[in-house]
Amino acid sequence: MPFDSAPQTVREAVRRIVDLVLTEDDAYLDSLPDEVETSIVVPLTEVARMLGEPTGDKEFRGGGRILLEAGADAAPRMPGELRDLFEELRFAMRGVTAR
């Protein structure tokens with residue numbers, strides 16, 4: 001399956017989170033509360049890897065679901081911008097356009 005076969009809105013939502021958090025200097029990641037960082041770093045790194053590889057819809061959406069689940073408990077402690085991007089991803093996974 002081609003790597004861009006997952007719905008584009010889901011890939012775009014994941015990419016926005018990856019671009020915000022996983023920067024070259026790790027400044028944003030390091031500024032996150034410890035609970036948020038430890039909750040999301042592993043699944044976020046995994047979906048970031050998937051963005052650059054040929055990954056089918058099912059596998060990519062599974063990675064997105066794991067990321068959402070990992071961030072759910074930490075969401076109240078996330079900075080607003082990150083929390084909004086997670087909300088966008090949740091809507092994208094459901095096939096709903098975020099406002």
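Reader: What order do the elements run in from the N terminus?
Author: They go α-α-α-α-α. This is a predicted model, with five helices and zero strands.

Reader: OK, and how much of the protein is buried?
Author: Buried residues account for 36% of the 99 residues. The accessible surface is about 5800 Å², and carbon and sulfur atoms hold 52% of that.

Reader: What share of the contacts join residues at least 24 apart?
Author: It's 67%, counting contacts between residues at least 6 apart in sequence.

Reader: Let's talk about α4. What span should its 16 residues have, and what do the ends say?
Author: Helix α4 covers residues 57-72, and at 1.5 Å a residue it should span 22 Å. Its end C-alpha atoms are 22 Å apart, so the two agree.

Reader: Which residues of α4 are buried?
Author: F60, G62, G63, G64, L67, L68 and G71.

Reader: And what covers them?
Author: The cover includes α1 (8-21), α3 (34-51) and α5 (80-94).

Reader: Take α3 then. How do the axes of α3 and α4 cross?
Author: They come within 9 Å and cross at roughly 160 degrees. The cut-off for roughly antiparallel is over 145 degrees, so α3 is roughly antiparallel to α4. The crossing of α3 past α4 is left-handed.

Reader: Which residues meet there?
Author: From α3 you have S39, I40, P43, L44, V47, R49, M50 and L51. Facing them in α4 are E59, F60, G63, G64, I66, L67, A70 and G71.

Reader: What about α4 and α5, how do those axes sit?
Author: The axes of α4 and α5 come within 10 Å and cross at roughly 140 degrees. The pair is therefore oblique, and α4 passes α5 in a left-handed crossing. On the α4 side, R61, G64, R65, L67, L68 and G71 make the contact. On the α5 side it's F86, L89, R90, A92 and M93.

Reader: R90 is in that list. Is R90 buried, partly exposed or exposed?
Author: R90, which lies in helix α5, has a relative accessible area of 35%, so it counts as partly exposed.

Reader: How far is R90 from A13?
Author: In sequence they are 77 residues apart, but C-alpha to C-alpha the distance is 8.8 Å.

Reader: A13 is in α1, right? What else is buried in that helix?
Author: Yes, A13 is one of the buried residues of α1, along with V10, R11, V14, I17, V18, L20 and V21. These pack against α2, α3, α4 and α5.

Reader: Why might buried residues sit three or four places apart in a helix?
Author: An α-helix has 3.6 residues a turn, so residues three or four places apart point the same way.

Reader: Does the length of α1 agree or disagree with its 14 residues?
Author: It agrees: 14 residues at 1.5 Å each should span 20 Å, and the end C-alpha atoms of α1 are 20 Å apart.

Reader: At what angle do α1 and α4 cross?
Author: Roughly 45 degrees, with the axes coming within 11 Å. That makes α1 and α4 oblique to each other, and α1 passes α4 in a left-handed crossing. The contact is made by V10, R11, V14 and I17 of α1 together with F60, R61 and L67 of α4.

Reader: Switching to loops. Where is D26?
Author: D26 is in the loop between α1 and α2 (27-31). With a relative accessible area of 33%, D26 is partly exposed.

Reader: What is the phi of D26?
Author: It's near 60 degrees, a positive value in a residue other than glycine. Most residues other than glycine have a negative phi.

Reader: And R77, where does that one lie?
Author: R77 is in the loop between α4 and α5. Its relative accessibility is 38%, so R77 is partly exposed.

Reader: What does R77 touch?
Author: Leaving aside residues up to four places away in sequence, R77 touches P33, E35 and V36. R77 is also 8.7 Å from L32, C-alpha to C-alpha, with their positions 45 residues apart in sequence.

How values were computed:
Residues are numbered from 1 along each chain as its sequence is written. This is a predicted model: local features need pLDDT of at least 70, side-chain atom pairs count only at pLDDT 80 or more; totals for chains, interfaces and linings use all residues. Side-chain values use heavy atoms; hydrogens and water are left out. Helices (H or I, at least four residues) and strands (E, at least two) are DSSP runs, numbered from the N terminus. Buried means under 20% relative accessible area, exposed over 50%, partly exposed in between (1.4 Å probe, protein chains only). Contact means heavy atoms within 4.5 Å. Accessible areas come from the Shrake-Rupley method with a 1.4 Å probe; for residues, only the protein chains shown count as cover. The expected span of a helix is 1.5 Å times one less than its number of residues. Axes are lines fitted to C-alpha atoms, for helices over the stretch in contact, and angles run from 0 to 180 degrees between N-to-C directions. Angles under 35 degrees count as roughly parallel, over 145 as roughly antiparallel, 65 to 115 as roughly perpendicular and the rest as oblique. A crossing is left-handed if the near helix is turned anticlockwise from the far one by less than a right angle, and right-handed if clockwise.
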